[in-house]
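Biologist: Please take me through this model, beginning with the terms on which the description rests.

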Amino acid sequence: MQNERWDYLLGRFYDKTCTPQEREELMEALRNAIPGEPNDTLLDDLMAKHTVDVTLEPADAEEIYQQIKPTVPVKRFMRWWTAAAAILLIAGSAVYFLLPEKQQPVQTAKMDVAPGTNKAILTLADGSQVALDSTGSQVLLQGKTAISQQGGELVYNAKEELEPIYNTLSTPKGGQFKITLPDNSVVWLNAASSIRFPTVFTGNERSVEVTGEAYFEVSKDAAKPFKVRLYNNTEVKVLGTHFNVNAYQDEEYIQTSLLEGKVEVTQGMEKVILKPGQQASGITVRDLSTMERTQVIAWKNGVFHFEGKDLAEVMRQLSRWYNVDVVYKGAIPRRIFGGELSRSLYLSDIVEVMQVMKVNVKIEEGNKLVVMR
């Protein structure tokens with residue numbers, strides 16, 4: 001009966017439906033658990049069960065930590081942490097609350113790296129450049145087009161132009177940005193990415209060029225199909241839809257993932273049609289699981305979603321977001337990851353989690369992330 005009761009209470013705690021009385025009952029059980037006793041082991045097992053694939057809010061993580069800190073040894077934190085796929089999405093510094101006290105970060109301030117932010121460079125038609133960041137608030141005039149920036153978002157308000165002129169929005173490593181195009185389509189750019197577009201869409205199509213990764217919510221206009229041109233003679237054609245393109249040249253394939261609507265992916269002389277929930281790697285199509293659909297746009301929602309990713313891919317993502325160079329000392333270890341982490345964490349937090357997972361990695365001067373055998 002006790003097993004069933006604790007299982008029920010933990011389930012209610014994690015889905016945020018428990019009453020104040022139930023919350024206190026659970027915390028009392030955590031406080032009174034004696035390390036090494038059967039009840040302690042039972043709580044460990046139930047906690048591990050309920051912490052897989054959940055998002056633990058900082059306040060909840062801290063509450064658990066404060067309740068069990070006085071009586072529970074360091075090893076218990078380790079068991080809960082590793083049992084829950086080792087990586088949990090815990091916003092900000094709350095990641096420390098479920099890490100062993102003896103393994104608090106030892107990186108010095110100068111050895112740490114801050115996460116990426118909203119920043120980009122806007123290159124205008126005349127070649128002049130405007131630096132954009134999360135603090136900016138301005139209106140630029142270019143011909144008859146008004147370009148408004150508010151924080152990490154750029155909005156184009158285009159009047160009728162006789163001839164389109166082209167602008168390019170580029171994010172550096174460690175940057176991301178959002179833009180509303182002249183047709184009201186919205187694009188999110190990931191780090192180390194760019195989009196080249198006209199200040200007004202004329203003729204019978206809307207065409208943009210993208211490098212890196214971008215998520216699109218395209219406004220519907222049956223008379224003007226929307227086209228995204230990528231490297232390797234690849235093009236994505238849509239009418240109105242939500243989709244993500246990952247076209248980093250250091251990845252194995254261009255991946256087009258469709259969440260809503262319908263797209264046509266063309267590579268050279270070959271083409272495929274995608275339905276919602278499908279992904280094309282090049283022109284090879286497969287269905288995405290519910291988890292994979294979430295994973296595709298996790299970056300836009302401020303999350304690293306590492307489920308099923310190998311070490312090399314994880315490191316490429318970290319390199320782009322933290323603007324660090326990854327150095328391997330020896331062969332790249334074979335390792336498949338799971339779970340999620342907030343993109344708002346400092347790099348030392350990520351490193352600490354990976355060290356808990358037995359990945360031998362450290363930050364070195366010169367913005368280097370070094371992986372050792």
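Modeller: Axes are lines fitted to C-alpha atoms, for helices over the stretch in contact, and angles run from 0 to 180 degrees between N-to-C directions. Contact means heavy atoms within 4.5 Å. This is a predicted model, in which local features need pLDDT of at least 70 and side-chain atom pairs count only at pLDDT 80 or more, while totals for chains, interfaces and linings use all residues. Residues are numbered from 1 along each chain as its sequence is written, and side-chain values use heavy atoms, with hydrogens and water left out.

Biologist: How many helices and strands are there in the chain?

Modeller: Helices (H or I, at least four residues) and strands (E, at least two) are DSSP runs, numbered from the N terminus. On that basis, the count for the chain is eight helices and 23 strands.

Biologist: What percentage of the residues in the chain is buried?

Modeller: Buried means under 20% relative accessible area, exposed over 50%, and partly exposed in between, with a 1.4 Å probe and protein chains only. Among contacts in the chain with a separation of 6 or more, residues 24 or more positions apart account for 52%. Of the 373 residues in the chain, the buried share is 50%.

Biologist: In what order do the strands of the three-stranded open sheet lie?

Modeller: Two strands pair if DSSP finds at least two bridges between them. The edge strands, each paired on one side only, are S20 (325-329) and S22 (361-364). S22 runs antiparallel to S23 (residues 368-372), with four bridges joining them, and Ile363 has Leu369 of S23 as its bridge partner. The pairing in the sheet is mixed, and the order is S20-S23-S22.

Biologist: By what angle are neighbouring strands of this sheet turned against each other on average?

Modeller: The sheet in question is the open one of three strands. With direction ignored, the average turn between its neighbouring strands is 25°.

Biologist: At about what angle does helix H8 run to S22?

Modeller: Two helices lie across strands of this sheet. H7 (residues 311-322) lies across S20, S22 and S23, and runs at about 150° to S20. H8 (residues 347-356) lies across S22 and S23, and its angle to S22 is about 155°.

Biologist: Why is H8 described as largely enclosed by the rest of the structure, and how many of its 10 residues are buried?

Modeller: The buried residues of H8 include Leu347, Ile350, Val351 and Met354, and also Asp349 and Glu352. After H8 comes Lys358, with a positive phi near 70°. H8 is largely enclosed by the rest of the structure because the number of its 10 residues that are buried is nine.

Biologist: Which element supplies the largest share of the lining of the largest pocket?

Modeller: A pocket is an open set of points on a 1 Å grid over the protein atoms alone, where a 1.4 Å probe fits, with protein on both sides within 12 Å along at least five of seven lines; lining residues have an atom within 4 Å of a point. The largest pocket holds about 610 Å³ of space, and of its 31 lining residues the closest to its centre are Asn246, Gln255, Lys309, Glu313 and Gln317. S13 (242-247), S14 (255-260), H6 (290-296), S19 (303-305) and H7 each supply at least two lining residues. The largest share, five residues, comes from H7.

Biologist: What is the relative accessibility of Thr256?

Modeller: Thr256 is placed in strand S14. Beyond its neighbours within four places in sequence, Thr256 has contacts that include Phe243, Val245, Leu274 and Gln278. Thr256 counts as buried because its relative accessibility is 1%.

Biologist: Which residue in S6 is the bridge partner of Ile121?

Modeller: S1 (residues 117-123) pairs in the parallel sense with S7 (residues 175-180) over two bridges. S1 is antiparallel to S2 (residues 129-133), with five bridges between them, and these two form a hairpin with five residues between them. S1 is also joined in the antiparallel sense to S6 (residues 166-170), by three bridges. In S6, the partner of Ile121 is Ser170.

Biologist: How far apart in space are Phe201 and Leu181, C-alpha to C-alpha?

Modeller: Phe201 lies in the loop between S9 (194-198) and S10 (206-217), and counts as buried at 9% relative accessibility. Its contacts outside its neighbours within four places in sequence include Leu181, Pro182 and Phe226. Phe201 and Leu181 are 20 residues apart in sequence, and their C-alpha separation is 9.4 Å.

How values were computed. Grid points are joined across faces, edges and corners, and a volume is the space filled by probe spheres set on the points.
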